[in-house]
Amino acid sequence: MTGRLLLDLGAVVNGVWTYKDPDQTRIAGIVRDAIQWDLTAFDAWLYGQAHWRNYPKRRQQLMGLRHELTLACQCADGKGESSVPDIPHYFCRIRRLVAQARNMPESLRQAMLAVAIPTPVKDSSKLDAKTLMRIQREYLDRVQSGEKYGAQTQLAQRYGVSVVTLRKALKLLGSR
């Protein structure tokens, strides 16, 4: 497949969506394995002519996102399992645009709404007592030396916590 945007991805043959490019069949399998989303049904709707007149802006945007998914899967080829593209990210972007589409068959809409996107498990942002005291001490030193500007952001990056978590830690310092 080339790097250009495809307007003719496949066709319905004997009532079944068939891709013209075998890579697209493989990509549909990757997506099905990753998030249990039937990409072929979506492609049949998006690239089929039954539900569209010409190429309105929303259809162009959806085709662009679908093309980005293709490119991400192709770039991940040969790099191993750890480089599988962020398929849930592409799905969420597509689903957000599709939510506003009036020409989508209800069965396809329900199938897309039924896809459960796994949320990434974040590391605990709890700070132990020693780290909390170290952050507070460093912040006080910076404030007293006149380096208050940007200190919270720098400390948050240094200790691998969000700025909000760091500010909560510093509020504990002020409440003493």
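Which residue in strand 2 is the bridge partner of Gly10? In this predicted model, the partner of Gly10 is Tyr19, and that pairing is a convenient place to begin reading the chain.

## Overall layout

The chain contains eight helices and two strands, and, read along the sequence, these elements follow the pattern β-β-α-α-α-α-α-α-α-α. Of its 176 residues, 35% count as buried, while the surface that the chain exposes comes to about 11,300 Å², with carbon and sulfur atoms supplying 53% of it. Among contacts with a separation of 6 or more, 52% join residues that are 24 or more positions apart.

## The hairpin

Strand 1, residues 10-13, pairs with strand 2, residues 16-19, in the antiparallel sense over four bridges. The two strands form a hairpin with two residues between them, and one residue of the turn, Asn14, has a positive phi of about 55°. Val13 stands opposite Val16 of strand 2, whereas Gly10 has Tyr19 as its bridge partner.

The side chains of strand 2 alternate along its length: Trp17 and Tyr19 point to one face and are buried, while Val16 and Thr18 point to the other face and are not buried.

## The nonpolar cores

The largest nonpolar core holds 31 residues, of which Trp37, Leu39, Phe42 and Trp45 touch the most other members. The elements that give two or more residues to this core are strand 2, helix 1 (22-35), helix 2 (39-47), helix 3 (57-76), helix 4 (87-98) and helix 5 (106-114). Apart from this core lies another, of nine residues, among them Ala151, Leu155, Tyr159 and Leu166.

Trp45 can be followed in detail: leaving aside residues up to four places away in sequence, the residues it touches include His51, Trp52, Leu62, Val98, Met104 and Leu108.

## The two sides of helix 5

In helix 5 the buried residues are Leu108, Arg109 and Met112. Because they cover an arc of only 100° around the axis, they lie on the same side of helix 5. These buried residues pack against helix 2 and helix 4, whereas Ser107, Leu113 and Ala114, on the other side of helix 5, are exposed.

Helix 5 also holds a salt bridge, in which the side chains of Glu106 and Arg109 meet at 3.7 Å, N to O. The two residues are three places apart, about one turn of the helix. Glu106, at 45% relative accessibility, counts as partly exposed, while Arg109, at 18%, counts as buried.

## Salt bridges between helices

The count of salt bridges comes to four. One of them joins Asp43 and Arg66, whose closest N and O atoms are 2.9 Å apart; this pair links distant parts of the chain, with Asp43 in helix 2 and Arg66 in helix 3, 23 residues apart. Asp43 is buried, with a relative accessible area of 0%, and Arg66 is also buried, with a value of 1%.

In another salt bridge, the side chains of Arg158 and Glu138 meet at 2.2 Å, N to O. This pair likewise links distant parts of the chain, since Arg158 is in helix 7 (residues 151-159) and Glu138 is in helix 6, 20 residues apart. Here Arg158 is exposed, with a relative accessible area of 52%, whereas Glu138 is buried, with 18%.

## A buried glutamine in helix 6

Gln136 is found in helix 6, residues 129-144, and is buried, with a relative accessible area of 3%. The C-alpha atoms of Gln136 and Arg167 are separated by 9.9 Å, although the two residues are 31 residues apart along the chain.

Note on methods: Residues are numbered from 1 along each chain as its sequence is written. This is a predicted model: local features need pLDDT of at least 70, side-chain atom pairs count only at pLDDT 80 or more; totals for chains, interfaces and linings use all residues. Side-chain values use heavy atoms; hydrogens and water are left out. Two strands pair if DSSP finds at least two bridges between them. A nonpolar core is a set of buried Ala, Val, Leu, Ile, Met, Phe, Trp, Tyr and Cys residues joined through side-chain atoms within 4.5 Å. Buried means under 20% relative accessible area, exposed over 50%, partly exposed in between (1.4 Å probe, protein chains only). Contact means heavy atoms within 4.5 Å. Accessible areas come from the Shrake-Rupley method with a 1.4 Å probe; for residues, only the protein chains shown count as cover. The arc is that of the directions from the helix axis to the C-beta atoms.
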